[in-house]
Amino acid sequence: MRTLSPALAVGLVVVGTAVITIYLFGAVQKRTIRAEDSIEVRAIFDDVSGLAEHSRVTMSGLPVGEIVSIELDPESGRRALVRLRVEKRVALHAGEPDKHGRIVNGAVLTRRQASLLGDYYLDLSPGIAGPLLEPGGEIPKVVSVSGVAALMDQLEESGDTFERLDKIVRNIESVTDSLAAVTGGDVGAERLDGVLSDIAAASENIAAATYDMQRFLRETVIARQGNIDNIILNVERFTTDAMSTVAKLDKSLHRTAQNIESVSGTARQVVDRNADRVDRIIGGVEQALVELRASVATLDGALGNIRDVTGKVSEGEGTLGRLVTDSRLADSLEDTVDDVSELVRGFSSLQTRVELRIEYGILAESTKTYFGLRLQPRYDRWYQIELISDPRGRTRRMTRLTETNDPTMPPLLRESVVSTTDDLKFSLYFAKRFHFLVARLGIIESTGGSGIDFVLLDDALRLAVDAFAFGEDRIPRFRTSINWVLFNHLQLTAGVDDIFDGRHRDYFFGLGLTFTDNDLKTLLTVAPSP
């Protein structure tokens with residue numbers, strides 16, 4: 001059977017690597033905004049943290065522009081001047097002044113957080129009124145803080161109002177307690193004495209009125225004696241009962257007056273013994289009244305501020321007002337929450353795999369150690385980072401030219417210098433899976449390279465081919481290996497390194513361990529604490 005020559009095999013690998021490279025770079029290519037299809041406008045921000053040149057500008061979640069430059073505003077010297085390019089099909093309005101002279105209904109540019117890693121993008125609302133912005137014009141409304149952070153700031157500012165209301169309620173309770181204590185002193189006793197005097201005078205007037213009525217009946221209505229006698233008898237009975245009731249009431253009132261006098265005497269003695277305390281109470285009541293008036297004034301101011309805030313909210317001013325009146329902002333907030341939820345789900349689905357592998361070179365009689373970390377956000381793609389301790393070390397080749405005046409030697413000497421160091425090597429590459437085929441591209445053992453894996457038997461068996469060390473003054477390094485995973489953690493490896501270089505070709509076998517993030521969580525949970 002005729003085999004491929006080394007040169008032909010190298011050519012095929014190089015062509016395959018170029019095709020894979022073009023495909024991978026084409027998959028991540030970004031679209032830019034052309035100058036002839038867009039206009040450049042400017043915006044002034046208080047905070048541009050997380051923004052960078054070429055950051056995207058979106059409208060309703062669709063890209064419509066990008067940031068051209070970010071610099072310090074020369075006019076204010078403290079704020080940031082952001083220049084951005086927006087597609088011409090987006091009509092940006094400059095807004096119109098309201099009754100207070102403020103610009104409303106114009107274009108709004110909002111800085112929004114794209115992920116929990118700290119990067120941001122700009123969300124554009126074109127506005128609905130006013131003239132269209134010319135190239136170089138300034139967007140009238142800029143929001144540096146948006147979404148949940150702005151809403152929390154509004155709630156934090158409103159916390160002072162609730163603390164003031166709570167203080168007012170406590171002051172009112174203190175005033176009512178002080179008033180109850182004051183009304184139980186001498187003033188209260190004097191008021192009760194006045195009430196008893198009024199009741200006694202009223203009973204005397206009732207007795208006098210009944211006597212006058214009897215005399216009028218006897219002297220004036222004598223002709224109707226028969227009927228009047230009955231009336232008089234009824235009246236006499238009534239007055240007798242009334243007098244009896246009044247007498248009983250008078251006795252009760254007398255006893256009540258005595259009791260009140262006794263209580264007032266006792267209270268007077270108590271007040272005399274606690275005169276200083278009563279004075280302090282009265283002074284506290286006066287101070288409480290002063291504080292009550294001040295609190296009421298503060299409450300009036302707070303209510304005025306609340307009316308002002310609610311009025312602005314109802315008119316659609318401010319972030320909270322736009323949230324209440326503008327459904328587009330609510331939709332944008334919902335989109336932001338959805339994006340955050342999707343990002344959190346992405347982080348929760350990220351799988352981390354740690355690999356530790358040792359290989360023994362049979363011909364070189366040396367060991368090679370690998371420590372790898374795989375970050376796999378999805379089943380069909382991942383990123384691999386490896387640190388490698390290679391007994392061959394890292395070889396560098398360079399050509400040195402030396403001029404000489406020795407007539408016995410050429411005037412220009414060319415020397416080839418080869419140096420080998422024991423530096424650690426590293427690998428950093430991106431892997432994409434297509435069914436049973438995995439393509440890898442990046443840095444392999446500190447040099448550019450690529451690789452192809454064939455995955456079989458439910459990922460338990462993997463055949464790998466790596467090509468790297470291109471551009472050096474030697475044949476590129478090709479390595480093939482077969483890996484068999486047992487019990488999900490134990491890995492057996494065997495293969496051939498430097499296949500086409502007879503001077504450095506070696507055969508190796510190795511043993512490795514593999515752990516996922518779930519395994520590491522379990523180990524950390526059961527590990528003893530210091």
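What follows is a walk through this predicted model, from the whole chain down to single residues. Residues are numbered from 1 along each chain as its sequence is written, and side-chain values use heavy atoms, with hydrogens and water left out. Because the model is predicted, local features need pLDDT of at least 70 and side-chain atom pairs count only at pLDDT 80 or more, while totals for chains, interfaces and linings use all residues.

Let us begin with the chain as a whole. It has 8 helices and 21 strands; these are DSSP runs, helices being H or I with at least four residues and strands E with at least two, numbered from the N terminus. Of its 530 residues, 28% count as buried, where buried means under 20% relative accessible area, exposed over 50%, and partly exposed in between, with a 1.4 Å probe and protein chains only. The accessible surface is about 34,600 Å², and carbon and sulfur atoms hold 59% of that; such areas come from the Shrake-Rupley method with a 1.4 Å probe, and for residues only the protein chains shown count as cover. Among the contacts with a separation of 6 or more, 50% link residues 24 or more positions apart, a contact meaning heavy atoms within 4.5 Å.

Now turn to the open sheet. Its 7 strands follow the order E1-E4-E3-E2-E8-E7-E9, and the pairing is mixed; two strands pair if DSSP finds at least two bridges between them. E1 and strand E9 (141–143) each have a single partner strand, so they stand at the edges and one side of each is left without a neighbour in the sheet. Neighbouring strands here are turned by 30° against each other on average, direction ignored; axes are lines fitted to C-alpha atoms, for helices over the stretch in contact, and angles run from 0 to 180 degrees between N-to-C directions. Within the sheet, strand E7 (residues 108–113) pairs with E8 over 6 bridges in the antiparallel sense, and Arg 112 has Tyr 121 in E8 as its bridge partner.

The largest nonpolar core draws on some of these strands. A nonpolar core is a set of buried Ala, Val, Leu, Ile, Met, Phe, Trp, Tyr and Cys residues joined through side-chain atoms within 4.5 Å. This one has 19 residues, and Val 41, Leu 84, Leu 92, Leu 109, Leu 122, Leu 124 and Ile 139 touch the most other members. Two or more residues come from each of strands E1 (38–45), E3 (62–72), E4 (80–87) and E8 (120–125), with E1 giving the most, 4 residues. Leu 92 is worth a look: leaving aside residues up to four places away in sequence, Leu 92 touches Val 41, Ala 107, Leu 124, Pro 126, Pro 131, Leu 132 and Leu 133.

Further along comes a closed barrel. Its 10 strands run E10-E11-E12-E15-E16-E17-E18-E19-E20-E21 with antiparallel pairing, and the twist averages 20° from one strand to the next. Strand E10 (residues 351–361) meets strand E21 (residues 506–516) through 9 antiparallel bridges, with Arg 357 partnered by Gly 512 in E21.

Strand E12 (residues 381–389) shows how side chains alternate in this barrel: Trp 382, Gln 384, Glu 386 and Ile 388 point to one face and are buried, whereas Arg 381, Tyr 383, Ile 385, Leu 387 and Ser 389 point to the other and are not. A hairpin through 2 residues joins E11 to E12, and strand E11 (residues 366–378) pairs with E12 over 8 antiparallel bridges. Tyr 383 stands opposite Leu 375 and also opposite Phe 430 in E15.

Next to Phe 430 in sequence is Tyr 429, found in strand E15 and buried at 11% relative accessibility. Not counting residues up to four places away in sequence, Tyr 429 touches residues including Trp 382, Glu 386 and Arg 440.

Arg 440 leads on to Asp 466: a polar contact of 2.4 Å joins their side chains, meaning a pair of N or O atoms within 3.5 Å, where within protein one must be able to donate a hydrogen and the other to accept it, and residues adjacent in sequence count only if both atoms are side-chain atoms. Asp 466 lies in strand E18 (residues 461–468) and is buried, with a relative accessible area of 9%.

Two loop residues round off the tour. Most residues other than glycine have a negative phi. Glu 445, in the loop between strands E16 (437–444) and E17 (447–456), has a positive phi near 50° and is buried at 4% relative accessible area. Asp 498, in the loop between strand E20 (490–497) and E21, has a positive phi of about 55° and is buried at 1%.
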